[in-house]
Amino acid sequence: MELGLIGLGKMGGNMRERIRRAGHTVIGYDRNPDLADVDSLEALVAKLEGPRVVWVMVPAGGPTQDTVDRLAELLSPGDVVVDGGNSRWTDDISHAETLAAKGIGFVDCGVSGGVWGLENGYALMYGGDAEHVAKVQPIFDALKPEGEFGSVHAGKVGAGHFAKMVHNGIEYAMMQAFAEGWELLEAAPEVTDVREVFRSWQEGTVIRSWLLDLAVRALDDDEHLAKLKGWAADSGEGRWTVEAAIDHAVPLPAITASLFARFASRQDDSPQMKMIAALRNQFGGHAVESK
């Protein structure tokens, strides 16, 4: 089938290549002319035969909103737009409503796989009406990993990005657990080869996983991670997961703690600990350290 693909960065560019390897035609547009197959959204739409499927892979928020609004004016009834970026699931509902008013379908798709997706395939979680999903299914089949799993129609519009959001929240907590375990092993003088302890866990243990494999890979590159600064950003999806938990009254202590740990990583000198030090000094005369 034919696909229009908007956004050809690290993810989008590799997705275009994987879809082409599966025998489909991809017409790509990107603001960088060196990456694009056409020079405008108008040209992209004109090159596709109806009913069209256009996949959007641009940053969440304003860029996605602008792209959806433009496609609403350019596409025709019966066409389908797929948002494969990291949009918040609540945005999907408004996008679907905007497009439905023009007779255009909408599917939201959470995509996981990163830089490894080209060769290994992308895990896909998508939401939308069955008739719209069916029009995109050959592309989902091309992108997913080999085998039975790795792709799911999670439910109605918003379900795909909600599922991906929860996936990323779990990812936060898993990474935090590996990080805490690594730090404790590094602190214990009895353990003389932390890297090989991690490597030994790759077979026969209940925590073996791709994340563990990547941790070993990182330690092979820099055994004690001495080249790195202990600073970690958050993509936004961890925050959305915690917010959704509050909305649904679902306790997420591990995921929430892992998000807050990232906030703590950005502080060179903790303001909270200043107050704790001051209070300990006030009520107990405990020593404090001055700058």
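**Exercise 1. Is Glu17 buried, partly exposed or exposed, and what counts as its relative accessibility?**

Before solving, some ground rules: this is a predicted model, where local features need pLDDT of at least 70 and side-chain atom pairs count only at pLDDT 80 or more, while totals for chains, interfaces and linings use all residues. Residues are numbered from 1 along each chain as its sequence is written, and side-chain values use heavy atoms, with hydrogens and water left out.

*Solution.*
- Step 1: grab the cut-offs, where buried means under 20% relative accessible area, exposed over 50%, and partly exposed in between (1.4 Å probe, protein chains only).
- Step 2: Glu17 has 32% relative accessibility, so it counts as partly exposed.

**Exercise 2. Work out which salt bridges involve Glu17 and Arg20.**

*Solution.*
- Step 1: a salt bridge here is a side-chain nitrogen of Lys or Arg within 4 Å of a carboxyl oxygen of Asp or Glu.
- Step 2: Glu17 pairs with Arg21, with 3.1 Å between the closest N and O atoms. The two sit 4 residues apart in helix H1, so about one helical turn separates them. Helices (H or I, at least four residues) and strands (E, at least two) are DSSP runs, numbered from the N terminus.
- Step 3: Arg20 pairs with Asp37, and here the closest N and O atoms are 2.9 Å apart. Arg20 lies in H1 and Asp37 in the loop between strand E2 (25-29) and helix H2 (41-47), so this pair ties together parts 17 residues apart in sequence.
- Step 4: check exposure. Arg20 is partly exposed at 32% relative accessibility, and Asp37 is partly exposed at 37%.

**Exercise 3. Find out whether the Arg52 and Asp79 salt bridge is buried or exposed, and what it ties together.**

*Solution.*
- Step 1: the side chains of Arg52 and Asp79 meet at 2.8 Å, N to O.
- Step 2: Arg52 belongs to the loop between H2 and strand E3 (53-56), and Asp79 to the loop between helix H3 (62-74) and strand E4 (80-83), so the pair links parts 27 residues apart in sequence.
- Step 3: both Arg52 and Asp79 are buried.
- Step 4: for context, the whole structure has 16 salt bridges. Arg195, Glu196, Arg199, Asp220 and Glu223 are linked in a network of them.

**Exercise 4. Describe how H7 packs on H11, and H1 on H6.**

*Solution.*
- Step 1: two packed helices are described by the angle between their axes and the distance between the axes. Axes are lines fitted to C-alpha atoms, for helices over the stretch in contact, and angles run from 0 to 180 degrees between N-to-C directions.
- Step 2: H7 (residues 159-187) and H11 (residues 253-265) pack at about 70°, with axes 8 Å apart. That makes H7 roughly perpendicular to H11 (under 35 degrees is roughly parallel, over 145 roughly antiparallel, 65 to 115 roughly perpendicular, the rest oblique).
- Step 3: the contact (heavy atoms within 4.5 Å) includes Gly169 and Tyr172 of H7 and Ser258 and Arg262 of H11.
- Step 4: the axes of H1 (residues 10-21) and H6 (residues 130-143) come within 9 Å and cross at roughly 100°, so H1 and H6 are roughly perpendicular too. Met15, Arg18 and Ile19 in H1 meet Ile139, Ala142 and Leu143 in H6.
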